[in-house]
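Please go through the structure below with this report at hand. Each section takes up one topic.

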Amino acid sequence: MKNIPQEQPLAPVKTRYRGIVGVACGVLLAIAIAQSSGEKDLLGRLIIADENSYPILAKCSGKEEKQLYEIFGSAIQSPFPDTIDIWSQQYRQQVSSIIEEYIQEERSINCLENFIDHLPGTASSQLRSLASKLPPWKESEDLAMLSRIDTGIVLLELLRTYECALTERYVFLFTDSASDLFTIQGDDVWWTQIFKEYGKQKRKILKELTIARPALNRTLAIANKSGGLRLLRRDIECVKRSSIDIRNGFALGAESAACMPRIQDSKAPFRDIE
Amino acid sequence: MHNVPKVHAGLYDDVYGFMLHSTMLNEVELMVEKFIPKALNKEVVRLQQKHIDFAITENYSQLCNPDNNDGKFIQYDQCVTLKNTIIELAKRESLIRTLGRDLQTIALSYESGASGYTGEKESAIYRDMYEIGKIWESGIDRMTNPIKQPPIRKVLFEDEDKAEEIADDLQTEFQKLFEGAGSSKSELYNRKLYHKYVGAGWRYRHGVFYVQNREGSCTKDGEGDETELEYIKVRWCEIEKLLKKARNELASGGFDPPLEPEEIAIFPTQSIGTDLYLWIRNDDAGVMWKNPMRPILPGLITSAGSVSEGGDYPIHPREPGEDEGICSHSFGARGYLCRPIEADRCISNDAEDFDADGDEILLTGCEPQNFNTFVRMTESGPDLCKVGGWRTPVRQDGDQNLVKDTPNKDPKMRPGKCTNCAIDMHCGNCGSGAGITRTKNDKGVIEICIEDDGIAAPKYIIMHELIHAQQLCDLPPGSARPGGCCSREYSAHIISCKAMTDDGILDGSGIGVEECASILSNLSCGNWKNACTKVDVEQEVFDKLKEFIKPEEDGATCAQEINALDPRSASIKESSKKTCDTNCRVEYDNTIGNNLCYIGQCVEESLENNRIIPGRITLGAQDEAYPWDACTKKDPQLGRLLELPPLSRTFLPAYRGQHIIQQIDILLCQGNALPRLTPPILCSFDPRRRTTLPVRFFYQMGTSLLNQQGEQQARSDALHLSIENISARVGQQLYNYYMRKALREFTDIIRAANMLTRQLGELDIPDSVCPRFYNGSCRGL
């Protein structure tokens with residue numbers, strides 16, 4: 001890894017280069033993407049996914065790249081190793097740790113507590129931390145309603161942000177990769193270097209756009225099974241405990257029932273002790 | 001143990017890796033990378049592993065660089081051809097491997113935690129369900145439940161260190177199965193070949209003795225038949241040795257109390273690295289995946305190191321039988337796939353709209369016969385828990401001097417204080433082919449004659465006849481048993497048949513408890529074919545049943561059985577005694593069912609033998625003995641609108657996979673305004689759509705035709721995205737269908753119980769007892 005000044009923020013540099021030329025290049029690239037059959041599938045798929053009417057999973061707004069900076073924090077202040085590597089690594093770590101936490105065994109079960117996964121406030125600290133950086137849960141009231149069962153939807157929202165940010169970067173990739181190089185090397189940049197960097201990042205973006213969604217979908221399918229069973233497991237454990245209570249209650253009832261014949265076989269009024 | 005290789009990197013990372021390999025965007029998986037150079041050995045260059053990733057990333061400068069090809073210069077067109085050849089082969093192999101993993105992922109997402117493998121993480125659910133059942137069930141339930149449920153016991157290791165030691169040794173053996181090193185793949189778990197590891201991880205999922213009993217001892221360590229599916233069958237001798245050691249040294253005996261017949265003892269699982277765990281039962285030991293995400297994929301490189309070229313469809317592995325595979329596991333055996341469903345629970349007998357027309361997959365097997373439902377008749381009241389055994393034998397204080405039952409006639413035997421009858425069993429030739437129970441004589445004794453060479457072992461005939469004795473015990477001497485022959489016999493046979501099933505006598509016969517009881521009821525009532533059943537019993541089934549239940553030549557004799565009664569028979573005998581007498585001791589296992597049996601019998605005995613409203617000792621001859629009867633309040637009519645649901649049985653609906661696929665085909669074709677075509681690809685391009693509806697300009701015609709493919713693609717994509725949702729809904733529908741009946745009836749029962757409890761709570765109970773002197777008034781009562 002090259003030694004670069006850590007303080008240089010990436011966004012202002014990008015803004016500087018996103019002039020008319022950048023827009024023109026972006027439009028040309030977008031047309032090129034639309035005409036490329038393999039990439040068309042990707043975009044087509046994204047557009048269909050964004051048509052989902054669920055308000056949390058909205059369309060790309062153009063602000064997702066900025067949001068991703070906020071979610072992943074300072075770790076992406078440096079352009080090298082390139083932004084896509086850092087994004088993908090951070091994204092993978094976030095998803096992986098939240099999923100592992102979600103499927104983890106619950107250590108102790110308290111049957112007297114109203115702790116049920118779908119109740120507000122049951123989200124883990126990691127999940128809350130991530131959700132608080134995503135638009136649907138930025139308001140404190142919304143965040144307070146977040147529950148453990150929302151894990152899937154929060155991760156899908158992160159995925160949407162990630163995909164939108166990648167797509168946005170893809171559109172402006174030529175200028176962005178050039179700006180990255182200018183930031184690092186000053187004016188001593190060759191055209192071949194720009195094209196090489198552009199090609200490298202383009203492949204990575206396409207890879208992430210191809211893999212991220214099906215990987216998360218499959219993961220959630222498996223994790224939800226485990227999550228669903230956990231609810232059942234807790235219920236069954238509580239039924240078992242209450243069964244023991246019921247058994248003890250009936251055992252006391254049986255002890256009392258032993259007196260029944262004597263109580264009721266009262267032919268003589270001996271019970272009147274007044 | 002931190003730096004050992006593993007295949008499970010975390011759920012998301014695993015799935016991400018699968019997707020990466022399926023798309024081949026920057027690398028192929030190591031196995032494919034090793035396979036291609038061996039398979040394509042006649043190319044212009046001597047292919048090496050490093051060439052494969054160069055090809056799929058279209059890195060021509062590296063792929064055809066002389067430095068990477070023994071200094072050989074390669075023409076550009078040759079380079080392109082080489083790249084295409086590599087990509088083509090890599091794509092095909094990746095597709096197959098992705099398909100295998102996807103199928104495994106789908107199965108995992110639906111079946112994980114519900115499959116019933118021993119030691120499965122979520123098996124806590126089965127275990128708890130089983131324990132809940134044990135807390136609730138009465139002894140009678142256990143004796144009459146038509147489903148065979150061998151008892152399961154949780155046992156802890158006496159020597160836990162030894163268990164850990166064996167697990168560590170196993171881990172060492174498993175680690176030896178990783179192959180290859182030094183690859184520069186980006187994914188950690190793609191840097192070694194793990195096909196042998198995966199094969200061994202699955203091989204002993206049903207246990208080492210399970211494998212050895214079917215395939216013999218291990219002789220060829222790690223050697224296969226060099227087919228694509230060889231790793232399903234390869235044996236691993238060192239692993240087998242350790243597994244046998246685990247079972248033999250940790251779980252072979254010393255259980256206190258001793259295990260019942262067919263009882264299973266399950267020990268805690270031991271972790272083998274991060275991927276596997278060791279499970280141990282008293283009868284076997286095996287290994288299973290903690291997270292079974294990786295299937296055994298069709299082999300590319302054989303165990304001998306050669307290339308598996310494929311091209312043939314390998315012979316399918318044999319489908320496991322009813323007691324094999326997952327059904328060999330204690331919890332799995334209770335699943336619907338592992339036992340036939342009684343006929344009246346089967347789809348074919350239900351007036352629903354399912355019919356087995358070939359388009360359906362029936363997930364259940366049916367018992368062949370459809371039998372009458374037998375109704376038990378009693379002399380008075382429900383006689384709760386009066387058929388079967390729920391009490392444990394106890395020598396009561398009041399019955400110390402009773403004559404002990406011997407295999408001979410005991411003429412001095414008399415009922416004790418706590419019994420309404422004495423049961424005198426004796427062995428001999430009874431002339432009935434099994435046994436006979438006579439009515440209670442004047443002395444209160446019921447004689448039972450047992451034959452040594454009856455239709456079944458004396459143990460089961462004793463159980464059967466003891467039930468008949470129970471039916472007679474509380475009746476006056478000389479009274480016949482209430483009810484018709486079939487209801488009397490069925491009650492007795494269901495208990496002996498259940499005992500035979502529990503003891504494994506009927507294993508492999510395919511005859512269930514209820515079917516056995518019905519056939520034997522026919523036999524007892526005069527006509528083995530149809531005395532009690534709606535349909536005729538087939539001769540073949542009857543003969544098979546007789547063959548299975550016939551007594552063993554060296555089995556226990558009648559005399560031995562009477563002298564040492566089977567615990568179940570002893571419990572039945574004990575349960576025929578009076579329950580709610582303060583001078584008699586009663587012992588039973590503390591379960592909800594048994595407590596209810598006790599309370600219920602006390603209530604019955606109180607109501608049947610005593611008055612609820614007291615009387616008085618009269619002074620004059622004409623005085624009223626029960627003056628307070630007139631003070632009885634109006635009957636509150638508790639539960640007057642109580643409707644208890646019939647115990648109809650739920651069943652699994654058919655899975656109509658073909659029908660669902662056809663519906664999706666219809667959707668696909670409708671999306672393109674075409675009728676259903678099979679295969680649906682036929683809907684993808686039909687020039688008639690445009691040629692029969694021409695537009696004004698030729699260039700528009702051309703554009704429209706060209707766009708047609710794209711339109712179809714977009715709709716197919718949309719449908720593709722929806723299929724998962726459609727499938728989920730279909731699955732949900734099946735589940736709802738299955739649960740609807742059961743839940744509705746359960747809800748009705750809970751509602752009825754709730755109503756009764758509430759009404760009891762609202763009951764106005766008088767706070768004063770009947771006065772000593774009757775003053776002619778009901779005031780204050």
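## Chain A: helices without strands

Chain A of this predicted model has 11 helices and zero strands. Read from the N terminus, its elements run α-α-α-α-α-α-α-α-α-α-α. Chain A holds 274 residues, and 45% of them are buried.

## A covered helix in chain B

Helix 9 of chain B spans residues 195-203. How many of its nine residues are buried? The count is nine of nine, and the helix is mostly covered.

The buried set includes charged side chains, Lys196(B) and Arg203(B) among them. His195(B), Tyr197(B) and Trp202(B) are buried in helix 9 too. So are Val198(B), Gly199(B), Ala200(B) and Gly201(B).

## A buried lysine without a salt bridge

Lys440(B) sits in a loop of chain B, between strand 7 (435-437) and strand 8 (445-450). Lys440(B) is buried, yet it has no salt bridge. Asp474(B) is the nearest side chain of opposite charge, and it is 6.1 Å away. A salt bridge needs the side-chain nitrogen within 4 Å of a carboxyl oxygen, so this pair does not qualify.

What lies by the polar end of the Lys440(B) side chain instead? The backbone oxygen of Leu475(B) is 2.7 Å from a polar atom of that side chain. The backbone oxygen of Asn420(B) is 3.0 Å from a polar atom of the Lys440(B) side chain.

## Two surface patches

Chain B carries a negative surface patch. Its members are Glu158(B), Asp159(B), Glu160(B), Asp161(B), Glu164(B), Glu165(B) and Asp168(B). Glu158(B) is placed in the loop between strand 1 (152-154) and helix 8 (160-175). Is Glu158(B) buried or exposed? Glu158(B) counts as exposed because its relative accessibility is 79%, and the cut-off for exposed is over 50%.

A nonpolar surface patch covers about 410 Å². Leu638(B), Leu756(B), Leu760(B), Leu763(B) and Ile765(B) make it. Leu756(B) belongs to helix 22, residues 698-762 of chain B. With a relative accessible area of 32%, Leu756(B) is partly exposed.

## Backbone exceptions

Two residues of chain B other than glycine have a positive phi: Glu58(B), near 55°, and Gln637(B), near 50°. Glu58(B) is in the loop between helix 3 (49-56) and helix 4 (60-63). Its relative accessible area is 47%, so Glu58(B) is partly exposed. Gln637(B) is in the loop between helix 19 (592-609) and helix 20 (657-670). Gln637(B) is partly exposed as well, at 43% relative accessibility.

Which residues does a cis peptide bond join? They are Asp256(B) and Pro257(B), with omega about -5°. Pro257(B) is found in the loop between helix 12 (237-250) and strand 2 (264-266) of chain B.

## An arginine in helix 6

Arg127(B) lies in helix 6 of chain B, residues 124-136. A relative accessible area of 30% makes Arg127(B) partly exposed, because that class runs between the 20% and 50% limits.

Along the chain, Arg127(B) and Ser569(B) are 442 residues apart. Their C-alpha atoms are separated by 28 Å.

Methods. Residues are numbered from 1 along each chain as its sequence is written. Chains are lettered from A and ligands numbered from 1 in the order in which they are written. This is a predicted model: local features need pLDDT of at least 70, side-chain atom pairs count only at pLDDT 80 or more; totals for chains, interfaces and linings use all residues. Side-chain values use heavy atoms; hydrogens and water are left out. Patches are made of residues with over 30% relative accessible area and no salt bridge: like charges are joined within 9 Å, nonpolar side chains (Val, Leu, Ile, Met, Phe, Trp, Tyr) within 5 Å. Accessible areas come from the Shrake-Rupley method with a 1.4 Å probe; for residues, only the protein chains shown count as cover. The place of a charge is taken as NZ of Lys, CZ of Arg, CG of Asp or CD of Glu. Helices (H or I, at least four residues) and strands (E, at least two) are DSSP runs, numbered from the N terminus. Buried means under 20% relative accessible area, exposed over 50%, partly exposed in between (1.4 Å probe, protein chains only). A polar contact is a pair of N or O atoms within 3.5 Å; within protein, one must be able to donate a hydrogen and the other to accept it, and residues adjacent in sequence count only if both atoms are side-chain atoms.
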